[in-house]
Amino acid sequence: MLAIAVCDDDIRQCCKIAEKIRELLEEMKTPVRVRQFHSGRELLAAAEKFDMIFLDIMMHPPDGMKTAQTLRERDSDAILIFISSSRKYVFDAYDVEAFQYLLKPVEEEKLKKVLQKAVRKTEKHSREFILVNRERQNRKLFLDDIYYFEICGRTIEAHGSEGIFTYYGQIGVLEENLREKGFFRCHKSFLVNLKYADVYNRQEVILENGEKIMIARRRYEAFGKAILDYMRKH
């Protein structure tokens with residue numbers, strides 16, 4: 001079930017948008033729970049984790065942009081959809097990785113298209129994982145948490161947000177298993193998560209956390225194509 005938050009200090013607008021989201025998702029046969037908040041502070045104080053957050057920008061302090069910045073600082077990966085009566089904050093929205101920017105009054109058809117796209121994104125990235133074995137124990141490795149895999153002899157090191165996890169495996173088999181899941185083998189020793197690629201050149205890709213991963217000369221063109229394909233789909 002999707003968990004969605006709607007935050008707007010105009011109570012009537014908040015109710016109206018929340019109700020319309022429920023109606024549209026019911027039509028799409030997508031189970032949903034929608035909670036309403038009437039200030040950024042109220043939203044930030046909520047203990048619940050949300051899949052999507054519809055956020056008005058022009059609210060009493062903290063405004064929607066400040067609220068979004070705090071959410072991102074807390075490592076929230078929720079889909080952020082801004083709602084505003086002004087276009088002036090469109091470019092600021094990129095700084096907090098906003099998914100969409102909707103203008104008030106929100107058109108139903110536009111809202112429906114945004115919801116369809118957002119639902120597809122949540123389904124596609126719904127905590128996919130692989131099972132690996134170490135010391136006779138199976139462990140889930142969530143793909144969204146992995147920056148890259150590195151082969152070291154007979155072992156594979158999974159470098160991620162929780163550190164490095166080492167297990168026995170073959171990177172060729174892993175590469176095959178992760179096809180179409182946003183990973184690319186840019187070097188014989190590295191399988192990188194394209195989600196975290198920040199900039200790249202012919203020698204290396206620099207990840208968002210600052211780590212540098214080598215790109216094999218013969219894989220550079222394919223890597224560039226993979227990056228473009230990934231950006232188009234996400």
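Two strands pair if DSSP finds at least two bridges between them. In this predicted model, strand 1 (residues 2–7) and strand 2 are joined by six bridges and run parallel. Two open sheets are described below: one has the strand order 2-1-3-4-5, the other 10-9-8-12-11.

**Parallel sheet**
- Five strands make up this open sheet, and their pairing is parallel.
- Strand 2 (32–37) and strand 5 (100–103) are the edge strands. Each of them pairs on one side only.
- Direction ignored, neighbouring strands here are turned by 20 degrees against each other on average.
- Between strand 1 and strand 2 there are six bridges. Cys7 stands opposite Phe37 in strand 2.

**Helices on the parallel sheet**
- Helix 1 (residues 11–27) packs on the sheet. Helix 1 touches strand 1, strand 2, strand 3 (52–56) and strand 4 (79–84).
- The direction of helix 1 makes about 175 degrees with that of strand 2.
- Helix 3 (residues 64–73) also packs on the sheet, where it touches strand 3 and strand 4.
- The direction of helix 3 makes about 175 degrees with that of strand 4.

**Antiparallel sheet**
- This open sheet is formed by five strands with antiparallel pairing.
- Its edge strands are strand 10 (163–168) and strand 11 (183–187), each pairing on one side only.
- Neighbouring strands in this sheet are turned by 20 degrees against each other on average, direction ignored.
- Three bridges link strand 11 to strand 12 (residues 190–193) in the antiparallel sense. Phe184 stands opposite Val192 in strand 12.

Conventions: Residues numbered from 1 in each chain as written. Predicted model: local features only at pLDDT ≥ 70, side-chain atom pairs only at ≥ 80, totals over all residues. Heavy atoms only, no water. Helix = DSSP H or I, 4+ residues; strand = E, 2+ residues; numbered from the N terminus. Axes fitted to C-alpha atoms, helices over the stretch in contact; angles between N-to-C directions. Contact = heavy atoms within 4.5 Å.
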